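Open your viewer and get your selection tool ready. We will take a short walk through pairs of charged side chains, one stop at a time.

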Amino acid sequence: MAQIIIFPDQAAFQSGLEVLLAAKVSAEPLDPPDFCLGLSATSILVTGMSTDIFRTLESHGVSVSGIVPHGVFRRDVPDAGPPDSKWREILGEFHIASIKPSFTDPTRFRVECVAERSLDPLIPFMARFIRGGAFDPEGPVLAFDEDHRLVSFWDRRIVICRADDLLDAWILVRSAIELIIQAWERRDALTPEKKARLGIGSIEIFKRLPATNCGLCGHQGCMEFSLALLTGRSGLEKCPQMKEKSEYRASLEWLMRAVGLIPRDSSRC
Ligand code: SF4
């Protein structure tokens, strides 16, 4: 099966290509499309088992952000030129740190990008441009829905949950960069958003609960508990199943930090 390997930077790509070719793996460089040139390192299209390929790269110390299946993209490639180069001045170095199946929908992808510089000074201005979503000025953190996806900004990170495929992820990264540039250009003309809002639905929390409806938390079921978490009437520790299912807890903790329900300083993400 054909797979696409995503690297954090060009140096990792170059090392990865050399290792794969030496190991006689069929490997073909895959440049990112024009509209996100510079935002993502060159990827490699390979044929073979992703676990074997991953092990080969790992054994040679090559950093990999993720491996995704190669297939038909669900969207058309946008007919747009490269992003405004101002992003480098604002963010410094920027890379896709990880791409992996989404916890809440394993048929889609969670993409985490990391910039060299903090987004904190710009997030309150970005919150001015986004209607709805969740914003916590103390973080600051900003998260909002983009159809079935969840996009969030905090510290030096942009996290996109449930991207359809690699092209969809690139499109969302480009949109996120445009939002950052817009905030940066207009920061002297705007007042920063100061009012917190919690415009995400309890369904985002529910998707990260074990969904057994056992009632051990004292609520009628997981949906009722998700509402209690959203409104601050309960805490994660009240769900005993979460203690055993660390992957649920990690995903829910991340979400609650991303929308300001848990202070960002306690982040392990
Ligand atoms: S204890 Fe956890 S799994 Fe059980 S109903 Fe409450 S939230 Fe759902």
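**A tour of the salt bridges**

Start by selecting R108 and D164: their side chains meet in a salt bridge, with 2.7 Å from N to O. Now colour the chain by its helices and strands to see where the two partners sit. R108 lies in the loop between strand 5 (94–101) and strand 6 (109–115), while D164 lies in the loop between strand 10 (157–163) and helix 5 (166–185). The pair links distant parts of the chain, 56 residues apart. Keep in mind as you look around that this is a predicted model.

Are R108 and D164 buried or exposed? Turn on the surface to check: both are buried.

Next, select R110 and E112. These two form a salt bridge as well, and their closest N and O atoms are 2.9 Å apart. R110 has a relative accessible area of 14%, which is under 20%, so R110 counts as buried. E112 is buried too, because its value of 13% is also under 20%.

For a change of scene, move on to K238 and E237. Here the closest N and O atoms of the salt bridge are 4.0 Å apart. K238 is partly exposed, because its relative accessibility of 43% falls between 20% and 50%. E237, at 47%, counts as partly exposed as well.

For the last stop, select R75, D105, R108, D147, R149, D164 and D168 together. Salt bridges that share partners join these residues into one network, and your starting pair, R108 and D164, belongs to it. How many salt bridges are there in the count? The count comes to 19.

Conventions. Residues are numbered from 1 along each chain as its sequence is written. This is a predicted model: local features need pLDDT of at least 70, side-chain atom pairs count only at pLDDT 80 or more; totals for chains, interfaces and linings use all residues. Side-chain values use heavy atoms; hydrogens and water are left out. Helices (H or I, at least four residues) and strands (E, at least two) are DSSP runs, numbered from the N terminus. Buried means under 20% relative accessible area, exposed over 50%, partly exposed in between (1.4 Å probe, protein chains only).
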